[in-house]
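Please walk through the fold shown here, moving from its backbone details to its cores and its helix pairs.

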Amino acid sequence: MNFPDDTIIALATPSGVGAISVIRISGNKAFELTDKFFAGKEPIASAKSHTIHYGKLTDTSGETIDDILISVFRGPHSYTGEDVIEINSHGNPLIAQKIIALFTSGEARLAEPGEFTRRAFLNNRLDLTQAEAVTEVISSRSEAALRGARNQLDGLLSAKVQELRTNLINTSSLIELELDFAEEDVEFLERPELVARIENIQGEIEALLSTYSFGRVIRDGVNVALVGQPNVGKSSILNYLLKEARAIVSHIPGTTRDVIREEITINGLLFRIFDTAGIRETTDEIELEGVERSRNAVRQADLILFINDTEQPYPTDLYNELLTLTPAGKIIKVLNKVDLKRESFESFDAKISAVTGQGVHELVTLIQRKALGSSNYTEHTAIVTNDRHFESLRRASENLSAALTSIDGKMSGEFISVDLRNAESSLAEIIGVVTTDDILNNIFAKFCIGK
């Protein structure tokens, strides 16, 4: 793995007009280059780390570009582990462009996407899971997603994976040591104890794997499809949840011709609500397309609100069609317009009125509980939200199952050792102890340029 020795620069704040712009510079010539253009009370090269300096930035002809503040971070005690400069200028895009052009005309170059964080990883300022969490923190769209990303950035998953990896290394080392004394037939770890250790590690890995569904909900939110026959109040329910008239409400069947998507946040968790066209037999070409799109929305949804009302018979055929599109466990049966009738309807999970709001709070609580499942998540719990982490953990568990099979079959230590080492390697991939440029390129390409 090549460690960069050049100096990079990029705009760290969003492009456009604002109060200030922040330009970040990192590399072994960051201080030297800055002093060529900065006029302050003292040279940046002699400034103490974690200090801020006021002065003017001038171009090569001596013309002032802007009055600026410069923050100094000396490596290794900086974000990247290198010497870092952060220039705070006025937030005119032209000024930021001039500053970047000034430095890139010298010995700096424009940073690639995620290159600052990649350098932080290469310089051991972050492990790979923490580096990935940086972009999650930036892109989080709900409180729950932000807490989950913060959890990972704080190193909870890293610490757990490192603990399991250390236990595996200690165990496999004893097995490999036995191979050096094969002729003496020495066992440094009795097989029942070896099995117990492997099963304990595998159990903890499986516990991490079990958090993945919940972790994805935390990170990505929940897709909820409103499904039912025409005119049962799907659009009214959407409007009530949004507290605005987003969808057209009419007594005429088939008013909603397409899938309407809106987002709401409930107790910090993001929900994407899809108001679908009523699923029914029709000869109208436009409505027919809407019905097909509704079916696709059901297939892709995490939860389905199957809506009926008190004025229509229970749509058994429609419910049976839903079961061909999604598992029954994803369906919440909702009865709307209960303000119009007082009969008991025991076959529904929730009974509401989108007009008066009756039962809507209880429905929202049910949706949230269904989305989160039975997880006992706290902010101090290691959870898996990332596909790459999940696959690595799954492979590690499979390798441990292979090791247990080898032990059960009374195979020699070589077979057991290989399986344990493969499991350890899978765990090492998560935190970046073992990695490739292809993996790093794929991860950091998703970052913004200034990070």
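**Backbone, cores and helix packing**

P76 is placed in the loop that runs between β5 (64-73) and β6. The peptide bond that joins G75 to this proline, P76, is cis, with an omega of about 5°. Most residues other than glycine have a negative phi, and most peptide bonds are trans. The coordinates discussed here belong to a predicted model, and strand β6 (residues 84-90), at the end of that loop, has the highest mean pLDDT among the elements of the protein chain, 97.

The confidence of the prediction deserves attention before the rest of the fold is read. The protein chain averages a pLDDT of 86, and 88% of the residues score at least 70. Among the elements, the lowest mean pLDDT, 76, belongs to helix α10 (residues 285-300). Over residues 245-257 the pLDDT is below 50, although this stretch has 33 contacts in the model beyond near neighbours in sequence. Where pLDDT is low, the predicted coordinates should not be read in detail.

Taken as a whole, the protein chain contains 15 helices and 13 strands. Of its 451 residues, 49% count as buried, and among contacts between residues at least 6 apart in sequence, 64% join residues at least 24 apart.

Two further backbone features are found in loops. K337 sits in the loop between β12 and β13 (350-351), and K410 in the loop between α13 and α14. K337 has a phi near 65°, a positive value in a residue other than glycine, and K410 likewise has a positive phi, near 55°. Their surroundings can be set side by side: K337 is buried, with a relative accessible area of 18%, because buried means under 20% relative accessible area, whereas K410 is exposed, with a relative accessible area of 74%. A positive phi is also found at G155, where the value is about 90° just after α5. Within helix α5 itself (residues 143-153), the buried residues are A144, A145, G148, A149, N151, Q152 and L153.

The interior comes next. The largest nonpolar core has 32 residues, and those with the most contacts inside it are V222, V224, F271, L305, V334, L363 and I367. Both helices and strands supply this core: α8 (212-220), α9 (234-242) and α12 (360-372) each give two or more residues, as do the strands β8 (222-228), β9 (260-266), β10 (269-275), β11 (303-309) and β12 (331-336). The element that gives the most is α12, with 6 residues. One residue of this core, V224, can serve as a point of entry for the reader: leaving aside residues up to four places away in sequence, V224 touches F271, R272, I273, F274, L303, L305 and I367. A second, separate core has 27 residues, including L164, I175, L189 and I431.

Two packed helices are described by the angle between their axes and the distance between the axes. For helix α13 (residues 387-408) and helix α14 (residues 413-431), the axes come within 8 Å and cross at roughly 170°, which means that α13 is roughly antiparallel to α14. On the α13 side the contact is made by R388, H389, S392, L393, R395, A396, N399, L400, A402, A403, S406 and I407, and on the α14 side by F415, I416, D419, L420, N422, A423, S426, L427, E429 and I430. Sorted by class, these residues comprise 12 nonpolar, 6 polar and 4 charged.

L400, which lies in helix α13, offers a closer view of this region. At 0% relative accessibility, L400 counts as buried. Apart from residues up to four places away in sequence, L400 touches L168, I198, I201, Q202, I205, L420 and A423. The C-alpha atoms of L400 and R421, which are 21 residues apart along the chain, are separated by 9.5 Å.

Another helix pair has the opposite relative direction. The axes of helix α4 (residues 128-139) and helix α15 (residues 437-444) come within 10 Å and cross at roughly 25°, so α4 is roughly parallel to α15. In this contact L128, A131 and E132 of α4 meet I439, L440, I443 and F444 of α15, and by class the residues divide into 6 nonpolar, no polar and 1 charged.

Conventions. Residues are numbered from 1 along each chain as its sequence is written. This is a predicted model: local features need pLDDT of at least 70, side-chain atom pairs count only at pLDDT 80 or more; totals for chains, interfaces and linings use all residues. Side-chain values use heavy atoms; hydrogens and water are left out. A nonpolar core is a set of buried Ala, Val, Leu, Ile, Met, Phe, Trp, Tyr and Cys residues joined through side-chain atoms within 4.5 Å. Buried means under 20% relative accessible area, exposed over 50%, partly exposed in between (1.4 Å probe, protein chains only). Helices (H or I, at least four residues) and strands (E, at least two) are DSSP runs, numbered from the N terminus. Contact means heavy atoms within 4.5 Å. Axes are lines fitted to C-alpha atoms, for helices over the stretch in contact, and angles run from 0 to 180 degrees between N-to-C directions. Angles under 35 degrees count as roughly parallel, over 145 as roughly antiparallel, 65 to 115 as roughly perpendicular and the rest as oblique. Ala, Val, Leu, Ile, Met, Phe, Trp, Tyr, Cys and Pro count as nonpolar, Asp, Glu, Lys and Arg as charged, and the others, Gly among them, as polar. pLDDT is the predictor's confidence in each residue, from 0 to 100.
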